[in-house]
Amino acid sequence: MSFANRLTRFLTEFPLPPPLPENVQAYSPYQEPTPRALFTQFAQRYYQGEQPRVALLGINPGRLGNGRTGVAFTDPVALAAWGIENTLPRRREPSSEFVQAVVQAMGGPQAFYQRFFLGSLYPLVLLREGLNYNFYDSSAVTAALWPSIQEAVLRQTTEVGLARHAAICLGRRNGQYFTRLNEELHLFDQLHILDHPRFLMQYKRRALAENVARYVEVLNSV
């Protein structure tokens with residue numbers, strides 16, 4: 001079974017959690033027709049082959065990028081640039097802009113996705129009062145989701161097929177939780193922690209070229 005098919009099975013079957021504390025809600029883009037169809041096209045185009053990919057894992061998906069397109073760190077503009085036509089609103093998502101620049105610097109999507117997998121520690125969108133929510137924004141939500149986060153990372157590694165020699169964490173705070181997960185599950189030999197794309201676009205946009213170069217350097221090193 002190809003990486004694409006294994007990944008599609010994992011994402012479409014991953015269960016919603018029980019009711020979460022603090023009015024946080026989870027939903028799966030992969031149970032919605034449009035993002036599921038767009039993701040399927042993307043996976044069949046770029047995640048073919050059976051080889052393991054080195055993972056770049058963020059926190060959990062946002063509603064405007066992955067939540068609409070089904071593809072991690074990829075908004076409708078980036079998705080169209082990669083050849084997946086869509087009629088979604090052309091609203092840019094900062095993390096997607098940064099990742100698009102990294103993918104281009106690495107030789108384009110065909111070259112990039114044959115070597116790397118972009119995803120999240122927890123694969124479902126989290127919202128509170130209609131706004132994006134991170135699983136670590138509340139200790140109660142973190143505790144409630146922790147078994148599901150463990151399951152998600154374990155299954156992505158063992159069932160989908162991630163490289164075990166190294167993984168890349170997107171986000172310094174996220175790195176605290178990824179490190180804890182790796183200590184508990186012993187999945188990856190090395191973790192490389194990078195600043196989150198959204199942080200870089202919000203606070204260090206003027207240094208875009210330097211930050212993209214830093215990502216490229218780390219990705220090429222693994």
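Helices here are DSSP runs of H or I with at least four residues, strands are runs of E with at least two, and both are numbered from the N terminus. This is a predicted model, in which local features need pLDDT of at least 70 and side-chain atom pairs count only at pLDDT 80 or more, whereas totals for chains, interfaces and linings use all residues. Residues are numbered from 1 along each chain as its sequence is written, and side-chain values use heavy atoms, with hydrogens and water left out.

## Helix H2 and its buried face

Helix H2 covers residues 33-46, which makes 14 residues, and from its first C-alpha to its last it reaches 20 Å, close to the 20 Å expected at 1.5 Å a residue. The expected span is 1.5 Å times one less than the number of residues in the helix.

Which residues of H2 are buried? They are Pro35, Leu38, Phe39, Phe42, Ala43 and Tyr46, where buried means under 20% relative accessible area, exposed means over 50%, and partly exposed lies in between, with a 1.4 Å probe and protein chains only. Seen down the axis of H2, these buried residues fall within an arc of 135 degrees, so they line one face of the helix; the arc is that of the directions from the helix axis to the C-beta atoms. As background, an α-helix has 3.6 residues a turn, so residues three or four places apart point the same way. The buried residues of H2 pack against helix H1 (3-13), helix H3 (66-69), helix H4 (76-81) and helix H6 (109-115), and contact means heavy atoms within 4.5 Å.

## Aromatic rings and charges

The structure holds 20 aromatic pairs. Rings of Phe, Tyr and Trp (its six-membered ring) pair if their centres lie within 6.5 Å, and planes under 30 degrees apart count as stacked, over 60 as edge-to-face and the rest as tilted. Tyr46 and Tyr113 form a tilted pair, at 5.9 Å centre to centre and with 40 degrees between the planes. Tyr46 lies in helix H2 and Tyr113 in helix H6, so the pair ties together parts that are 67 residues apart in sequence. Both Tyr46 and Tyr113 are buried, and they belong to one aromatic cluster together with Phe3, Phe42, Tyr47, Phe112, Phe116 and Phe117.

Phe3, a member of that cluster, also has the charged end of Arg53 over its ring, 4.6 Å from the ring centre. Elsewhere, Arg180 lies over the face of Trp146, at 3.8 Å from the ring centre. A charge sits over a ring if NZ of Lys or CZ of Arg is within 6 Å of the ring centre and within 35 degrees of the ring normal.

## A three-stranded sheet

An open sheet of three strands has the order E1-E4-E5, and its pairing is antiparallel. Strand E1 (24-27) and strand E5 (131-132) are the edge strands, each pairing on one side only. Strand E4 (residues 125-128) pairs with E5 over two bridges, where two strands count as paired if DSSP finds at least two bridges between them. Arg128 stands opposite Leu131 in E5.

## Single residues in helices and loops

The table sets out where some individual residues lie and their relative accessible area.

| Residue | Place | Relative accessible area |
|---|---|---|
| Glu85 | loop between H4 and helix H5 (94-105) | 59%, exposed |
| Gln100 | helix H5 | 10%, buried |
| Gly108 | loop between H5 and H6 | 11%, buried |
| Arg155 | helix H7 (residues 139-161) | 14%, buried |

Leaving aside neighbours within four places in sequence, Glu85 is in contact with Leu38 and Ala80, while Gln100 is in contact with Ala78, Ala81, Trp82 and Arg92. With residues up to four places away again not counted, Arg155 touches Phe10, Glu13, Phe14 and Val160.

Most residues other than glycine have a negative phi. Phe73, however, has a positive phi of about 55 degrees although it is not a glycine, and it is found in the loop between H3 and H4. His186 likewise has a positive phi of about 55 degrees without being a glycine, and its place is the loop between helix H8 (172-185) and strand E7 (191-194). Are these two residues buried or exposed? Phe73 is buried, with a relative accessible area of 14%, whereas His186 is exposed, with 63%.
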